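Okay, thanks for squeezing me in. Have a look at this one on the screen, and I'll walk you through the parts I'd like to talk about.

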Amino acid sequence: MKPYTHRNFCDINPLFYTISKYKQIVGRKIKDVFGKEKFAKSKEDFKLPVVISEYSSVLIKTGKGIDPVTQENKAVNIRIAAAKISGMLIYPGETFSFWRTVGKPTKRKGYKEGRVLKNNKLITGTGGGLCNLANTINNMVLHSPLTITEFHKHTDALVNDIHNRVPMANGTSVSYNYIDYRFKNTTSEPFQIILWCDDTNLYGELRGTREYAYIYRIVEEDHHFEREGDTYYRVSKIYRITYRRKLFQQKSKELIWDNRSEVMFNPDEIPADMIW
């Protein structure tokens with residue numbers, strides 16, 4: 001007799017999954033309507049004068065096992081959504097919401113079928129790839145005095161990046177609209193998100209009105225891999241370190257991700273000395 005394994009209704013039948021997802025989408029909309037959160041809505045063509053932080057990422061990845069079609073589609077999706085966000089001003093006391101700004105990604109709006117991670121499996125879905133855009137914004141916010149109020153994670157071991165590892169280069173998860181990315185401006189001055197793309201890269205700037213007293217670094221410690229049966233996991237601790245700008249003295253060290261990500265690439269590519 002096989003041992004009993006608990007399964008949620010949404011895992012048993014696609015219809016149950018659809019119903020569960022719709023329920024969460026409606027629930028988020030109701031919560032936002034009746035909540036007290038003040039959301040950022042203003043966009044301007046002018047740029048605030050000071051670059052607080054900046055980040056860039058590759059639009060189209062290439063390599064073994066990577067589908068070029070979904071990568072091209074991802075680039076299309078990111079360009080559409082980035083245009084909706086770029087220029088957004090976040091005034092003191094306001095909260096930026098990724099999905100309230102971007103809206104629902106639909107084919108009618110030009111979104112294409114890109115890669116989507118569902119239950120740690122890569123599938124295709126309309127608007128796939130927007131996690132990359134949310135991740136770019138998250139990296140800029142992490143290097144600023146803004147306060148992240150909602151952050152969801154998926155595996156950051158989608159591809160083999162062992163030899164050019166950058167912590168937080170992947171991992172931010174968004175799914176319309178109940179899995180959102182949000183941050184709040186808890187300072188006394190406005191901030192602005194600027195995004196643009198060229199043929200190969202996505203670029204972002206977080207702008208403000210002045211330079212701030214602190215600077216930030218993202219560091220990773222105890223990076224290794226572990227095996228459980230046939231499944232491998234990337235394990236590490238990722239910290240945000242705050243320094244005083246003038247003297248470069250450490251002010252604080254905050255654990256932002258106790259990382260245990262299922263490996264999605266071929267585990268044979270993991271060096272033996274990195275498997276603990």
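Let me start with a pair of strands: E6 and E7, the latter covering residues 182-184, run antiparallel to each other and share three bridges. If you want one of those pairs by name, Thr 147 has Lys 184 in E7 as its bridge partner. And before anyone asks, yes, this is a predicted model.

Now zoom out a notch. Which sheet do those strands belong to? They sit in an open sheet of three strands, ordered E3-E7-E6, with antiparallel pairing. The edges are E3, at 95-97, and E6, at 147-150, and each of these pairs on one side only. From one strand to the next, the twist averages 25°.

What lies across that sheet? Helix H5, residues 130-142, lies across E3, E6 and E7, and its direction is at about 140° to E6. H5 has 13 residues and spans 18 Å from first C-alpha to last, close to the 18 Å expected at 1.5 Å a residue. So how enclosed is H5 by the rest of the structure? Largely enclosed, because twelve of its 13 residues are buried, with the cut-off for buried being under 20% relative accessible area. The buried set includes Leu 130, Leu 133, Ile 137 and Val 141, but also polar names such as Asn 135, Thr 136, Asn 138 and Asn 139.

While we're around E6 and E7, check the backbone in the loop between them. Asn 177 is in that loop, and a cis peptide bond joins Tyr 176 to Asn 177, with omega at about -20°.

Okay, hairpins. E10, residues 214-228, and E11, residues 231-244, pair antiparallel over 13 bridges. One of those pairs is His 224 with Val 235 in E11. The two strands form a hairpin with two residues between them, and Gly 229 in the turn has a positive phi of about 65°.

There's another hairpin, made by E4 and E5. E4 is 113-118, E5 is 121-126, and they pair in the antiparallel sense over six bridges. Leu 117 has Leu 122 in E5 as its bridge partner. This hairpin also has two residues between its strands, and there Asn 119 takes a positive phi near 50°.

Which other residues are worth a look on the Ramachandran plot? Asp 222 has a positive phi of about 55° and is not a glycine. Asp 222 is in strand E10, and at 48% relative accessibility it counts as partly exposed. Then there's Phe 248, also not a glycine, with a positive phi near 50°. Phe 248 is in the loop between E11 and E12, the strand at 249-262, and its relative accessibility of 45% makes it partly exposed too.

Last bit, the whole chain. It has five helices and twelve strands. The radius of gyration is 20 Å, close to the 19 Å from the globule rule for 276 residues, so the chain is as compact as a globular protein of that length. Along the principal axes, the C-alpha trace spans about 65 × 45 × 40 Å. Buried residues account for 43% of the 276. Of the contacts between residues at least 6 apart in sequence, 70% join residues at least 24 apart. And the accessible surface is about 15400 Å², with 52% of that belonging to carbon and sulfur atoms.

That's my lot.

Note on methods: Residues are numbered from 1 along each chain as its sequence is written. This is a predicted model: local features need pLDDT of at least 70, side-chain atom pairs count only at pLDDT 80 or more; totals for chains, interfaces and linings use all residues. Side-chain values use heavy atoms; hydrogens and water are left out. Two strands pair if DSSP finds at least two bridges between them. Helices (H or I, at least four residues) and strands (E, at least two) are DSSP runs, numbered from the N terminus. Axes are lines fitted to C-alpha atoms, for helices over the stretch in contact, and angles run from 0 to 180 degrees between N-to-C directions. Contact means heavy atoms within 4.5 Å. The radius of gyration is taken over C-alpha atoms; the globule rule is 2.2 Å times the number of residues to the power 0.38. Buried means under 20% relative accessible area, exposed over 50%, partly exposed in between (1.4 Å probe, protein chains only). Accessible areas come from the Shrake-Rupley method with a 1.4 Å probe; for residues, only the protein chains shown count as cover. The expected span of a helix is 1.5 Å times one less than its number of residues.
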